Amino acid sequence: MAKITTSTLLKMKQQGEKISTITAYDASFAQLFDQAGIHAILIGDSLGMVLQGRDDTLPVTIDHMVYHTECVKRGVEDTLIIGDMPFMTYATTEQALTNATKLMQAGASMVKMEGGTWLASTIKALVERGIPVCAHLGLTPQSVNVFGGFKVQGRSEEHAKVMIEDAQALEAAGAQLLVLECIPAPLGKAISEAVSIPTIGIGAGKDTDGQILVMHDALGISCSYMPKFSRNFIKETGDIKKAIELYISEVSEGNFPGKEHIFK
C-alpha cells in the first residue's frame with residue numbers, strides 16, 4: 001500500500017472509494033492495522049474511556065495524547081495518523097498552535113478538533129502554519145455535559161441546517177477532513193454532499209465518504225457496552241487481522257454500516 005496522505009483521501013472521495021479508519025493507541029495494534037490496509041488511524045481521546053476506564057474523555061491531557069501518538073507512530077509505515085486534541089487544549093488559537101505542534105512533533109500527520117464555526121479562525125491559523133486539521137461535528141464527546149449525555153445530534157431541521165453551515169465554514173477555513181458522529185443518516189448524506197472534503201462517519205449512516213470505529217468496539221472488547229453504530233468484527237472472524245480486513249472490505253463494498261447501525 002502506498003503512503004496515505006490527505007490528498008489520497010480527497011482523491012478517494014472524488015472517485016467514490018470508501019475510506020476506512022479506526023482508533024489505535026499503541027505500536028502493536030497500529031502495526032497490525034497498517035499491515036491490514038487501514039487508510040487512517042486516529043489516536044482518539046477515547047483512550048480516556050477504553051484505556052483509562054473513565055466515564056468520559058474530559059480528563060485526558062495533551063501529555064497523554066503525545067505519549068500514545070508517539071507509540072502509534074512507531075508501528076505505522078503507510079497509514080495516515082490523526083492526533084486528537086483533548087478537552088480545552090484549543091480554547092484559544094494560541095493554545096491550539098502550541099498543543100497541535102506537540103502532536104505533530106510526536107508523529108501525527110494531522111490533528112482533530114471538535115466544534116463548529118467558532119473554530120474557523122483557529123483552523124485557518126493552524127493550516128497557514130502547516131498543520132492539517134480534521135474537524136468533528138455532531139455528537140462531540142468533549143461537550144457531553146452541554147448535551148446532557150451521549151445523545152444523537154441534528155434531529156431537528158434547524159439543528160441540521162446549522163450543522164451543514166458549520167461543515168461548510170470549517171471547510172472554508174481549511175479543514176481537510178470531517179468526522180460526523182451520531183447524527184441521522186440523511187443528515188450524514190446531506191453534509192457529505194455539501195462539502196468537497198471527505199467525511200468520516202461514526203453513527204452517521206452509510207453515505208459518508210468513510211467510516212471510523214473505536215478499535216475496542218470493532219474487536220468486541222469494550223468494557224461498558226456496544227454502541228448501536230458498531231459491529232463486532234472479530235466475532236465473525238476469530239482473528240484480529242482478519243477482523244480488520246473484513247471491516248475494511250465491508251466499508252469498501254458499502255455493506256457497513258447496515259440498517260441496524262444507523263440513526264434515522
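# A tour from helix α6 outward

Begin with the buried residues of α6, whose cover includes α5 (93-106), β4 (110-114), β5 and α8. This is a predicted model, and the residues to select within helix α6 (residues 120-128) are A120, T122, I123, A125 and L126, which are buried. Moving past the end of the helix, select G130, which follows α6 and has a positive phi, near 90°. While in this region, show the side chains of K124, E128 and R129, which are linked in a network of salt bridges.

Next, turn to the second largest pocket, with a volume of about 320 Å³. Of the 20 residues that line this pocket, E114, G115, W118, T140 and S143 are the closest to its centre. Both β5 (133-138) and α8 (157-173) supply at least two residues of the lining, and α8 gives the most, with four residues.

For enclosed space, go to the one cavity of 30 Å³ or more that the structure holds. About 40 Å³ of space lies in the largest cavity, and to display its lining, select T21, L42, I82, K112, C134, L177, V179, I200 and I212.

The next stops are charged pairs, drawn from a count of eight salt bridges. Select D209 and K13, whose closest N and O atoms are 2.7 Å apart in a salt bridge. This pair links distant parts of the chain, 196 residues apart, with D209 in the loop between β7 (199-202) and β8 (210-213) and K13 in helix α1 (residues 6-14). D209 is buried at 13% relative accessible area, and K13 also counts as buried, at 15%.

Then select R231 and E250, whose side chains meet in a salt bridge of 3.1 Å, N to O. R231 lies in the loop between α10 (215-218) and α11 (234-237) and E250 in helix α12 (residues 240-252), so the pair ties together parts that are 19 residues apart in sequence. R231 counts as buried at 14% relative accessibility, and E250 is buried with a relative accessible area of 14%.

Finish at D34 in helix α2 (residues 27-36). Which side chain of opposite charge is nearest to this buried residue? It is K3, 7.2 Å away, and D34 has no salt bridge. The side chain of D34 instead reaches the backbone nitrogen of E77 at 3.4 Å, and a polar contact of 2.8 Å joins the side chains of D34 and T79. To see the surroundings, add the residues that D34 touches beyond four places in sequence, namely M1, G75, V76, E77, D78 and T79.

Definitions and conventions: Residues are numbered from 1 along each chain as its sequence is written. This is a predicted model: local features need pLDDT of at least 70, side-chain atom pairs count only at pLDDT 80 or more; totals for chains, interfaces and linings use all residues. Side-chain values use heavy atoms; hydrogens and water are left out. Buried means under 20% relative accessible area, exposed over 50%, partly exposed in between (1.4 Å probe, protein chains only). Lys and Arg count as positive and Asp and Glu as negative; His and the chain ends are not counted. A salt bridge is a side-chain nitrogen of Lys or Arg within 4 Å of a carboxyl oxygen of Asp or Glu. A polar contact is a pair of N or O atoms within 3.5 Å; within protein, one must be able to donate a hydrogen and the other to accept it, and residues adjacent in sequence count only if both atoms are side-chain atoms. Contact means heavy atoms within 4.5 Å. On a 1 Å grid over the protein atoms alone, a cavity is a set of points where a 1.4 Å probe fits but cannot get out, and a pocket is an open set with protein on both sides within 12 Å along at least five of seven lines; lining residues have an atom within 4 Å of a point. Grid points are joined across faces, edges and corners, and a volume is the space filled by probe spheres set on the points.
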